[in-house]
Amino acid sequence: MKHLSVSPTTIHHSLFTLSITALVLLSACTNGDKNGFRIEGTIANGAGKMMYIEELTPDGPHFLDSIALNGKGEFAYKGHYDYQTFFNLHTSNVDYVVLLPYSGENIKITGVYDSLSLSYSVEGSKESIALWQLQDYSNYGNYKLRDIVAEDHANRERFGIKTIQADDSIETLGDTAGYRMAKKKTDSLYREAYDEQVMYITQFLQDNKGSLATLIALYKPFNGSHPIIDIDRYPELFTCYEEVLEGLESDERTATNPHTVAFKNTVERVRFQVERRKPQASSFSLTPAQ
């Protein structure tokens, strides 16, 4: 019986070849789609329902696909981007979360159907986690605002405040003196809640400088359609726009991104508008969101 003789050199060469082959196969698996990512998750109360996903481009949202949830509320979606961009995951037209994936990320979502933006959590994506934390603090601010608005409504009823439109004038009826005293408190609480949001957003912009997530933060609303960074009331907050643009242009990952290019055009347009106004803050007054 002949024994097969294999030299150490042959063994070493074979192991080296196998190692290279394994690396090539691994690279093919992970880089088959260099800008690919995956989203999966479980949505409570979502069994058998539908979600849909859209890409948020500089020109607006672009529908991508519908996603069917299985009997356990589970789903999975494989995505791709030509450049890093935002993706909105919807359970309805008004209930959605914003994701900002990087290539190769496996993003995991949990939440409750029809209240996704209030209940969701995310893992597996640094930028998407930052946006989740941003949304979570925004939700906190909205809860505080809701309570303040409810207190103001209660005060209006308690003091019998009614407004009557008469021709070109508005007549206010009721205990206006008592209501004005009560309104000082609610206006103060409103301003406090607003200032908290401004402080959080400005800190977020600093902590995430160079990230596209700063664009979402810059336009976060407060009290309906009013943005937190409200340059119409506070033109001096325009420095936030400049800082966001500086951060995006100084990072090679985002410098030529279409979102950055579009935002630069916005900054120049807004700069012209701001320079026409004096940087003078107007006084705050409680106005319930419509």
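## Helices H6 and H7

In this predicted model, helix H6, which covers residues 238-250, packs against helix H7, which covers residues 258-275, with the two axes 10 Å apart and at an angle of about 155°. Because an angle over 145 degrees counts as roughly antiparallel, H6 is described as roughly antiparallel to H7. The crossing of these helices, H6 and H7, is left-handed.

The contact between the two helices can be followed residue by residue. On the side of H6, the residues that take part are Phe238, Tyr241, Glu242, Val244, Leu245, Leu248 and Glu249, and they meet Thr260, Phe263, Lys264, Val267, Val270, Arg271 and Val274 on the side of H7. When the residues of this contact of H6 with H7 are sorted by character, nine are nonpolar, one is polar and four are charged.

## Aromatic pairs

Across the whole structure, a search finds 12 aromatic pairs. One of them is formed by Tyr241 and Phe263, whose ring centres are 6.0 Å apart and whose ring planes lie at 20°, so this pair counts as stacked. The pair links distant parts of the chain, since Tyr241 belongs to helix H6 and Phe263 to helix H7, with their positions 22 residues apart. Both Tyr241 and Phe263 are buried.

Ring pairs also join Tyr137, Tyr140, Tyr200 and Phe204 into a cluster.

## Helices H3 and H4

A second helix pair can be described in a similar way. Helix H3, made of residues 126-158, and helix H4, made of residues 176-207, have axes that come within 10 Å and cross at roughly 175°. That angle makes H3 roughly antiparallel to H4. The residues of the contact of H3 with H4 comprise 14 that are nonpolar, six that are polar and nine that are charged.

## Tyr83 and Phe87

Tyr83 is found in the loop that runs between strand S4 (74-80) and strand S5 (86-90). With a relative accessibility of 25%, Tyr83 counts as partly exposed. Although Tyr83 and Pro258 are 175 residues apart along the chain, their C-alpha atoms are separated by 7.9 Å. If residues up to four places away in sequence are not counted, Tyr83 touches Glu55, Thr57, Pro58, Asn257, Pro258 and His259.

Phe87, by contrast in its setting, has its place in strand S5, and at 1% relative accessibility Phe87 counts as buried. The C-alpha atoms of Phe87 and Leu100 are separated by 6.4 Å, while the two residues are 13 apart along the chain. Leaving aside neighbours within four places in sequence, the contacts of Phe87 include Phe37, Ile53, Glu54, Glu55 and Leu64, and also His80, Tyr81, Val97, Val98, Leu99 and Pro101. Glu55 therefore appears in the contact list of Tyr83 as well as in that of Phe87.

## The protein as a whole

The protein contains seven helices and 10 strands. Of its 290 residues, 39% are buried, and the residues described above include buried ones, such as Phe87, as well as Tyr83, which is partly exposed.

A further value concerns how far apart in sequence the contacting residues are. Among the contacts between residues at least 6 apart in sequence, 60% join residues that are at least 24 apart.

Notes:
Residues are numbered from 1 along each chain as its sequence is written. This is a predicted model: local features need pLDDT of at least 70, side-chain atom pairs count only at pLDDT 80 or more; totals for chains, interfaces and linings use all residues. Side-chain values use heavy atoms; hydrogens and water are left out. Axes are lines fitted to C-alpha atoms, for helices over the stretch in contact, and angles run from 0 to 180 degrees between N-to-C directions. Helices (H or I, at least four residues) and strands (E, at least two) are DSSP runs, numbered from the N terminus. Angles under 35 degrees count as roughly parallel, over 145 as roughly antiparallel, 65 to 115 as roughly perpendicular and the rest as oblique. A crossing is left-handed if the near helix is turned anticlockwise from the far one by less than a right angle, and right-handed if clockwise. Contact means heavy atoms within 4.5 Å. Ala, Val, Leu, Ile, Met, Phe, Trp, Tyr, Cys and Pro count as nonpolar, Asp, Glu, Lys and Arg as charged, and the others, Gly among them, as polar. Rings of Phe, Tyr and Trp (its six-membered ring) pair if their centres lie within 6.5 Å; planes under 30 degrees apart count as stacked, over 60 as edge-to-face and the rest as tilted. Buried means under 20% relative accessible area, exposed over 50%, partly exposed in between (1.4 Å probe, protein chains only).
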